[in-house]
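Reader: I would like to learn how to read burial, contacts and strand pairing from a set of coordinates. Could we work through one case together?

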Amino acid sequence: MITELEVVAKGGLLYNIGRVALRAEGNFNEENFVEKGREWIEKHLKNDDSALKIAKSLQEKDELFFLWKEAHSLACKNEDIKYFTPNPIISPFYKIRNPNNLNETLNKIPYYQLQSEKPQIAIYNKPIINHENYRRLIEKFKKDLQSTKPPYGINLLTMLMEKHLSNIPLGSPFDDVSMFRHCVLVSAISGCLYLYLKEKRRDKDFSVASIVDCLSSEKPFLLVGGDLSGIQKFIYTITSKGALRALKGRSFYIELLIEHIVNEIIDNLNLTRCNIVFSAGGNFCIVSPNTDNAVSELDKLKSRIETFLFNEFKGELQLHLEYIAFGEESFKNSASVSDGLGEKLEKSKKTGWQKRLKDILKPESPHENCLTTQCDVCFREDVSLVSLQRGDEALQVCEPCYFQYKLGEELLEISEGISPVIYRLSEQPQGDYVKIEKFYYCFRRSRDEKLENLADKIYRINNFNAENYNKPNNIFLPLGIYKKRGLKELTDAVSDFGINRLAVLRMDVDNLGKIFGSAIAEQERTFARISEISNRLNQFFKYHLNYIAEGKEIDSLDIAERGVKNKGRNLMIIYSGGDDVFILGHWLDVIETAFDIRRYFELFTGNRFLTISGGIAINQDSYPVYQYARDAEELERLAKRDNKKDSLALLDDRKVGWNSFDEVIERIRLFKKFLKTESNGFVIDEQKLPKTFFYGLFSLAKVFRKEGILVLPKAAYLISRAKFNNCADEDVLSIKEVIMNSNEKEWEITELATLVTLMLMRKGGRDHE
């Protein structure tokens, strides 16, 4: 049975579809977009009863029309949308000023092409857009619709809009807000207004007068924020036993837990996924109606989740769930409401488990089968242990670690699947699963027909194939899950090229608080724009990052010319989302990926003021994973220290700005001209250089770093021993200039380039080397 609420939310999503249809016909006036939208819905969604009800309501006399119209006005802060000429969308990051100098703005406008790319790249030459571009785009939209069956659920329509309308501008003065995000926001506002008016004004009066009166004198909305604390300790406090699976399982468990909480809020408050402003990095933000029912459900949910987490993890993880009421003014300037919510969340984090202090301080004896042992992964001894078979070794682990290990095992498998799926069930299934509260989550590399019929929710991971969304419970879920095929254990990533070492990369965006705050002028800090920026960041770190990490479909860095574009990179994404990245793999692949992430992040945003910093910890595969994580975190902090961000720190606390790292790469390429490839590494071409040349160069660089002087006799001797046979004159001149100079920055570049070159020349490498 179709509910009126379903019609309201879906109608809000489709309210502006007529604008796209008119542009496809070459009509850029758009005055009659509502009428055109009605025609388009009647023609292309004709077998969907709820869509036909929406079409019928898209006329001036219908009260639902007034609801959608007002929701549309709120989403664009009551300004008229103008689109008289076919313009491309401007990058939503364009209006972000230099966080360190608010008077500095971009002098060039970055644009996106109308057609989405993988990964998306901003360009500065304004693309030429015409109605033919729109016609082809909407034809693809219609083709996807035809590949599915009615009724067309809101999850399907949202996915198709993200796929096809993400790079269509709403119109002036919102040329940096996509039609997709605007439609989603209109749907969210429509549903909230409907539920608010229904509870507060029981006569169900949706007239213009009633809506305007409500908005002018009341606060019909809630901004709901969630923040999961304790994530770092939870993920990284593990031993090396089963480390790769446990690490991947624990990090993804956090993503799954947040998704579970978000879903519970959506379901219990009668909302849709359009109400999610963002969900990533252990945080989420949702727009809700400010009703008694919503407040009651949120309080109950908060208490329930807190109890679950405390019982399951003994206070290691805690959900902070807060909300704040707001009205129409916050759609024009979201600063006060978002700052207010942030303050409430910070206050909640400071109190921690204060209400459960008695439970935390209560003395607890070890479980009866932990009297002489503890969990081999997380060290808990307060719960019973189960046996986990890992090859020839049997581990004794607690139940949460058992399921997280199995989850990691499943993720290693589904990462290699063509169409990976997560099924949520309310009854215990056969085989492995992860249980959160009363629900069971199962993971498959592709469709499982039996689970398709049993699941109440089906998550399609990174899957834009419309044919998979025939059921309304199908949900598009972007995830950073890239993993090199065959990578099962840490040892599988050790040997690839050069010295045998693993590396961990931790990376995040610099000045993120300022980016969402003072870096955007107050009058530009609209709800729609902030929502657009949040969504784009999530797209980059959850979806596009897969292609960047793999390296096959981008202009990837390949220092040793190993054929990265053909075989991909030997690493795996442990976690990505929000603005954070955690990657583990072969040391060279990790360094190259860090370089590509930074480069493509700048290309993606089109804004040089948005920078990213990271730390890379390199060590043996026997090194504890938790220590890898700590080392990488310390190096990331070093990269961000003293406001000199936009940097990478690696290899014994060496910090290098990304611009200088470009020079390091060029210097390694120069050195490579004097080397040759043998097996999986470089060796000196002894017709060009003596065997110990780079050890001598590294020694000179270290002396210069410590004492600030160039030891001329040693430098001259190093050059004199070179034969330089079959070398280009310019290459010989370049390498002599590298050695015979007294520039501090140049020697910093040479030292790091030489160290990486030596690592490329080392084959194998024992633990003590």
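Author: Let us begin with one residue, Gly-585, which has its place in strand β18 (residues 580-586), where strands (E, at least two residues) are DSSP runs numbered from the N terminus. This is a predicted model, in which local features need pLDDT of at least 70 and side-chain atom pairs count only at pLDDT 80 or more, whereas totals for chains, interfaces and linings use all residues. Residues are numbered from 1 along each chain as its sequence is written, and side-chain values use heavy atoms, with hydrogens and water left out.

Reader: Is Gly-585 buried or exposed?

Author: Buried means under 20% relative accessible area, exposed over 50%, and partly exposed in between, with a 1.4 Å probe and protein chains only. Gly-585 is buried, its relative accessible area being 0%.

Reader: Which residues does Gly-585 touch?

Author: Contact means heavy atoms within 4.5 Å. Leaving aside residues up to four places away in sequence, Gly-585 touches Ala-493, Arg-501, Leu-502, Ala-503, Asn-570, Leu-571 and Val-590.

Reader: How should I read the side chains of a strand such as β11?

Author: In a regular strand the side chains alternate between the two faces of the sheet. From β11, Val-421, Tyr-423 and Leu-425 point one way and Ile-422 and Arg-424 the other, and all are buried. Because 5 of its 5 residues are buried, β11 (residues 421-425) is largely enclosed by the rest of the structure.

Reader: Which residue is the bridge partner of Tyr-423 in β13?

Author: Two strands pair if DSSP finds at least two bridges between them. Antiparallel β11 and β13 (residues 439-444) are joined by 5 bridges, and the partner of Tyr-423 there is Cys-442. With β14 (residues 457-461), β11 pairs in the antiparallel sense over 4 bridges, and Tyr-423 stands opposite Ile-458.
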